[in-house]
Amino acid sequence: MMFWGKVLAIVRKDTISELRTKEVVASVLVFTILMIVIFNFACSANYELVKSMAPGILWATFTFAGVLSLNRAFIAEKEQGCLEGLMVCPISRDVIYVGKMVTSLLFMLIIEMVTLPIFTLLFNVNVISLQLIAIVILATVGFVAVGTLFSAIAINTRARELVLPILFLPVVVPVVISAVKASGLAIAGEPWSQLYSWLLILLSFDVIFITLSYLIFNHVIEE
Amino acid sequence: MNRKRNTVRNIFLGISSILMILTLYMIFLYVPVEKEMGIVQKIFYLMVPMGWLALLSFLIVFIGSILYLINKDSKWDVLAHSSASIGILFTALALLIGAIWAKPVWGVWWTWEARLTATLVLFMLYVAYFMVRSFTADEARGATFAAVIGIVGFIDIPIIALATTLWRGMHPGGIIFAGGLAPSMLLTLITSLIAFTFFYSLLLMQQISLKNNENRLKKLQQYLN
Amino acid sequence: MENMGYLFAAFLIVWIGIIGYLFVIFNRQKKISREIETLEKSLKEKGIKQ
């Protein structure tokens, strides 16, 4: 339980800092809504088109929003030298990984849960359902599992805002595919049994990549 | 030492060339022309080896990356980096050959069918490998980051393949020949695969030796300063 | 025999790809070997240990 205590400490620290600055959640939320509006223009108010593209638009939006918020995961640490401070603390690197991951997960879920009702309103497509929430949670876990690791890498490079998407997007292709497909089925009102194969892919991705990133993270953070 | 290396290289060059000539003979003079697709079907004997080498290269990148992360011995990084250089070439060729095959068969240069899409994502993974390297100031760190991509990317490949296949459904007009794969076709394919794998090994050896020389040059230049 | 053009293009591209790559590597090898020789010679002259 010591492990989770330390993880929660990191989550608390980041959440408090976020509550003060409102950097991540507010700005990414605004970005998300802007993206939805732009996609609407991209579909030229063709109602049928928009309805069939809904899952795609939803997940394109979430993916880009995810990249934005993941970018911020380590930027503050790097710029204010907090990373060295964190490493000097008597905690192992994996705690940092899990802590950052949980924080990003929390922020992204908040953004997504706020976006869903807005999406429903603007697109006249009901995206608030248990199925969809399950999909969102599984997919977001996949995003942050890989994204936290890559974010830690990206801040150590030049052009950090560019490097993260270049690393991140190819790797999460299966997550996006599965999420879009499953969301399409969910919106169409299909039963859970239809979603199983996609949910299984999402779940396997989550398990595999949380484990993998957890193991690899140590090597990335070394100074 | 250099002479021994040259001998090995020449042996591989010789074997590769002989096997390749054999393959070309088999493709053009031995194997019958396929019923449905006509002569264009013979691109198959190029396409499969390209895809195979694209994956084999990444496997070597994966192995090199893991060993590098564990050992920090730069020879593993050289292995991974070299295999990645070759792998990205074959992946690009696979995409090009895929397009050239797609045009006469399906009428379009590109289609988002499962295999081509997965190959495109593989190409993006290779690009990510090189980008993270070149965007990192410190070389050793760049190697470590690249190794991470090598490992994460490779583990991701089967998942990508699964997702893209399920996404596209079972493609009816895909690479299924009328009447299945005749034994002569199978034999030609296997010969082609072996020939190209020998070429891969040759390229890999040359690339590794080149990288080692480049590293040695850098070290010498450091001594001079 | 209609699509011979495509078949030919495919083989050509693969060949240019592989042979071209080998060619580039061989050339770079030669260049670097020469540079290494020059450097090693000047290091020896300066008596710097390697």
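This report describes how three chains are arranged in a predicted model, moving from the whole complex to single residues.

**Confidence and overall arrangement**

The predictor gives the complex an ipTM of 0.90 and a pTM of 0.91. For chain C, the average pLDDT is 86, and 92% of the residues score at least 70.

Two pairs of chains touch, and the pair with the most contacts is chains B and C. Chains A and C do not touch, and their nearest C-alpha atoms are 25 Å apart.

**Chain B**

Chain B contains six helices and zero strands. Read along the sequence, its pattern is α-α-α-α-α-α. The C-alpha trace of chain B spans about 65 × 45 × 25 Å along its principal axes. Of the 225 residues in chain B, 45% are buried. Contacts between residues at least 6 apart in the sequence of chain B can also be sorted by separation: 78% of them join residues at least 24 apart.

**The two interfaces**

Where chain A meets chain B, 24 residues of chain A are in contact with 27 residues of chain B. Four helices of chain A each supply at least two residues to its side of this contact: α6 (130–154), α7 (160–171), α8 (173–187) and α9 (192–221). The largest share, eight residues, comes from α9(A).

The contact between chains B and C takes 27 residues from chain C and 27 residues from chain B. The table gives the residue classes for one side of each interface.

| Side of the interface | Nonpolar | Polar | Charged |
|---|---|---|---|
| Chain A, touching chain B | 17 residues | five residues | two residues |
| Chain C, touching chain B | 18 residues | six residues | three residues |

**A helix pair between chains B and C**

Which way do helices α3(B) and α1(C) run relative to each other? Helix α3 of chain B covers residues 74–106, and helix α1 of chain C covers residues 4–46. Their axes come within 9 Å and cross at roughly 170°. Angles over 145 degrees count as roughly antiparallel, so α3(B) and α1(C) are roughly antiparallel to each other.

From α3(B), the residues that make the contact are B:Leu89, B:Leu93, B:Leu96, B:Ile97, B:Ile100, B:Trp101, B:Lys103 and B:Pro104. From α1(C), they are C:Tyr6, C:Ala9, C:Ala10, C:Ile13, C:Val14, C:Gly17 and C:Tyr21. By class, the residues of this helix contact are 13 nonpolar, one polar and one charged.

**The nonpolar core**

The largest nonpolar core has 140 residues. Those with the most contacts inside this core are A:Val146, A:Ile153 and A:Leu167 from chain A, together with B:Ile43, B:Ile97 and B:Val132 from chain B. B:Ile97 is also one of the residues in the contact of α3(B) with α1(C).

A:Val146 can be looked at in more detail. Leaving aside its neighbours within four places in sequence, A:Val146 is in contact with A:Phe168, A:Val171, A:Val172, A:Phe209 and A:Ser213, as well as with B:Val152 of chain B.

**A charged residue in chain A**

A:Glu112 lies in helix α5 (residues 93–123) of chain A. Is A:Glu112 buried or exposed? A residue needs 20 or more C-beta neighbours within 10 Å to be buried; A:Glu112 has 23 inside that distance and therefore counts as buried.

Beyond its neighbours within four places in sequence, A:Glu112 is in contact with A:Phe62, A:Val136 and A:Thr140. A:Thr61 is 51 residues away from A:Glu112 along the chain, and the C-alpha atoms of the two are separated by 9.7 Å.

Technical notes: Residues numbered from 1 in each chain as written. Chains lettered and ligands numbered in written order. Predicted model: local features only at pLDDT ≥ 70, side-chain atom pairs only at ≥ 80, totals over all residues. Core = buried A, V, L, I, M, F, W, Y, C linked by C-beta atoms within 7 Å. Buried ≥ 20, exposed ≤ 12 C-beta atoms within 10 Å, placed from the backbone. Contact = placed C-beta atoms within 7 Å. Axes fitted to C-alpha atoms, helices over the stretch in contact; angles between N-to-C directions. Parallel < 35°, antiparallel > 145°, perpendicular 65-115°, else oblique. Nonpolar A, V, L, I, M, F, W, Y, C, P; charged D, E, K, R; others polar. pLDDT = per-residue confidence, 0-100.
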